[in-house]
Amino acid sequence: MVLSAISTPGDNILLPDRGFPLYSTICCRNGVERRLYPIDLDNDGLIDLVQLEAKIDKKTKAILINNPSNPTGIVFPKWHLEAILRIAYKYKLAIIADEIYGDLTFNNMKFYPLATLSPKVPIICCAGISKQYLVPGWRLGWIILHNRYNALCEIKSGIISLAQQIMGPSSLIQGALPDILHNVPNLFFENIRNLLQTNSDMIFSRLIRVPGLKPLRPSGAMYMMVKFDPEMYGNESDFVEGLIREESLYTFSGSLFNAPNWLRLLLTFPEETTNEACDRIEMFCQRSRRIYNWHK
Amino acid sequence: MAAASHQPTCMNKAPHYATQQKRPRAAEKREWGVIKASEHSKNTVNPIRKIVDSLNVPHNPEKEPIRLNLGDPTVLGNLPPSDVAVQAMEDVIRGHKFDGYGPAVGAQCAREAVAKKFTHPNAPITADDVILASGCSHALEMAIVAIADPGENILVPNPGFPLYTTLCKPNGIETLSYNLKMEHGGIVDLVHLESLINDKTRAIIVNNPSNPTGVVFTKEHLEEILRLAYKHKLPIIADEIYGDLTYDGATFHPMATLSPQVPIISCDGIAKRYLVPGWRLGWVIVHDRFGALTEVKQGMVALSMKIVGPCALVQGALPRILQDTPQSFFDHIKEVLSANANAVYKSLSRIPGLKPLKPQGAMYMMIGFDDEIYGEETKLMQDLIREESVICLPGSAFNSPNWFRLVLTYPLEVTEEACERISEFCLRRLKLSKAYGPLKNTEKDDDLDSCGQDNEDSSCLESEDNN
């Protein structure tokens, strides 16, 4: 709804270059130019702010920030978010904040909702119960409009108009929402975070020891990106398909997130399963290195 | 890091990096302006809204409001959903098998349940012909957006459900309205319909049973429409959300089961027949005759990814809802509708200048009125609220001025009370009209306010043959 309300053909919206593919699908559909800003996967997974700023022009409508990030699992530190806000303020741009993972963070990283930081810019926050409350099938999300300077009054009207098309999410979930938001105990979230932490630590410590693999340590969301060296392992589809064929292990190809030669792994399985997955990746890599190098 | 070498198929442009040619830098703006909303969202208009806003007048404080404008059968609580549906939801919630993402087109078991329920020897379907939606409104949206491009047109009934226009307009699709013969039982004016068809027409929307008229088309009439569609090689989008919610001897015929066979996209859901409009569960069934809808079906599958399916919990409950809801549940609703329809018809037929159209399906009734006697529509509806606390929906909401729509889902006593109040109101107006001449151009309130309550002019109650 937000992208449909804000997109005018000929305008552009800044999107993360390693990001959730749906942003692009919706932008394509609405005829607005997607302008991708770099996420520096090889270092800390933060945004290259110089390049982000370089992409802004008169037709830029908004900057979309996804924090914590899918697929990287990176949680932007406060200083980084404030730097983004300063850019948005400088060019008088609204921010679309995809904060679906919210404070699903670990490794002592804190989640800061963009709207709570300075400088204040108009922010359209998109979130929901899917991830933090573990009910993606229930289909309940929301938009919060931080209408600073009254900049969003037309967009807000537009979103309300669009909401008429399908008349809202399931009323049953809406009815349950107050209870869900107010009464789910903190322990529920701690358990999730502990599992994510455990899985993340395990995968990181094991895969960093595998030659030609380079995991990016996440601190939030539910994923981990692992880079592999195509010199050692061949191309991405061989790697991903090989894992499936030989080890019955399914991963997400990085290309789906515009990050070829990376894989995205899920951190939500039970510890034993994650352990088993690491075993299988290690074995596969060992074999692949031998075979690939032999054939070269 | 290698440059991006593989693009997901939806993208047809390369990603834009700063390494490519430079563009002029934006000037840093001094002021915050209002950010412009998209034309798409500005063009998404609910034509009812303005009309509903105009009804926002204070009601008579001495009379409890009767909201005959609300097309929601659950409002008063006298028509609750079936225990089967509620129990099915409870079990699905506790079963934890529908908490996660499902296919965007809907869970296999749910689509199979729809196919099993609605398959017919003349229109056999499988789960693959079904796409679930967040309500029938969403089903209609997918069908409309998949079938027509900007600049093309879709034929819609007049009077008809305003949402068709709300869905077409922002997508640049024109709606051409074909008349229903309101003076002749609300059937389709086939000559008028045919006259509208041009080379940019992509589909005909047929709503049966109809909102707002409550009319149920006979088999023969539906076949006439099908013959027209066949002749012009046009698919039909069949809005059949009221399905077999028919009474007083009328029979519902799903268009796909009749001849001649044309490509049909049936839009339906559990909202009305199962009395759960808020649960947001609908579907499209694609009857792909002659392979004509292959691309459109693919388009709808793609569109379904926008919201990744309706609420999974309701999908999980759907098989039981469709299979196990007892017939008595539907019989009861029909009894309520029939009783109300007959009470309203009997009561308001007696009022000079009112012409109720007798419904046999859906949940509504249209009452025509003579504007020479009763004046302009909006004012009439507003005065009805002010004096009698009865709220009806003006026909203009459905593109049918000089009619108003009332709902037939309340308990009979409430409906009868409403009829009494409407009758009294109309008789007062009648008196005024006789005293002061046609009210059609009346603008002042004074005359009407001076109207007293001693209005039972028995001569007005002589029944006229309105059948």
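This short talk covers one pocket, one helix pair and one arginine.

The model is predicted: local features need pLDDT of at least 70, side-chain atom pairs count only at pLDDT 80 or more, and totals for chains, interfaces and linings use all residues. Residues are numbered from 1 along each chain as written, chains are lettered from A and ligands numbered from 1 in written order, and side-chain values use heavy atoms, without hydrogens and water.

Pocket first. The second largest pocket has a volume of about 940 Å³. A pocket here is an open set of points on a 1 Å grid over the protein atoms alone, where a 1.4 Å probe fits, with protein on both sides within 12 Å along at least five of seven lines; lining residues have an atom within 4 Å of a point. Volume is the space filled by probe spheres set on the points, which are joined across faces, edges and corners. Of 35 lining residues, those closest to the centre are Met167(A), Gly71(B), Ser137(B), Phe161(B) and Lys272(B). Which helix gives the most to the lining? That is α5(B), with four residues. Helices are DSSP runs of H or I, at least four residues, numbered from the N terminus.

Next, the helix pair. α3 (83-95) and α10 (312-324) of chain B pack at about 145°, axes 8 Å apart. Angles run from 0 to 180 degrees between N-to-C directions, and axes are lines fitted to C-alpha atoms over the stretch in contact.

Last, Arg206(A). Its place is in α7 (186-207) of chain A. Buried or exposed? Arg206(A) is buried, because its relative accessible area is 13%, and buried means under 20% (1.4 Å probe, protein chains only). Beyond four places in sequence, Arg206(A) contacts Asn275(A), Cys278(A), Asp279(A) and Glu282(A), with contact meaning heavy atoms within 4.5 Å.

Note on methods
Helices (H or I, at least four residues) and strands (E, at least two) are DSSP runs, numbered from the N terminus. Buried means under 20% relative accessible area, exposed over 50%, partly exposed in between (1.4 Å probe, protein chains only).
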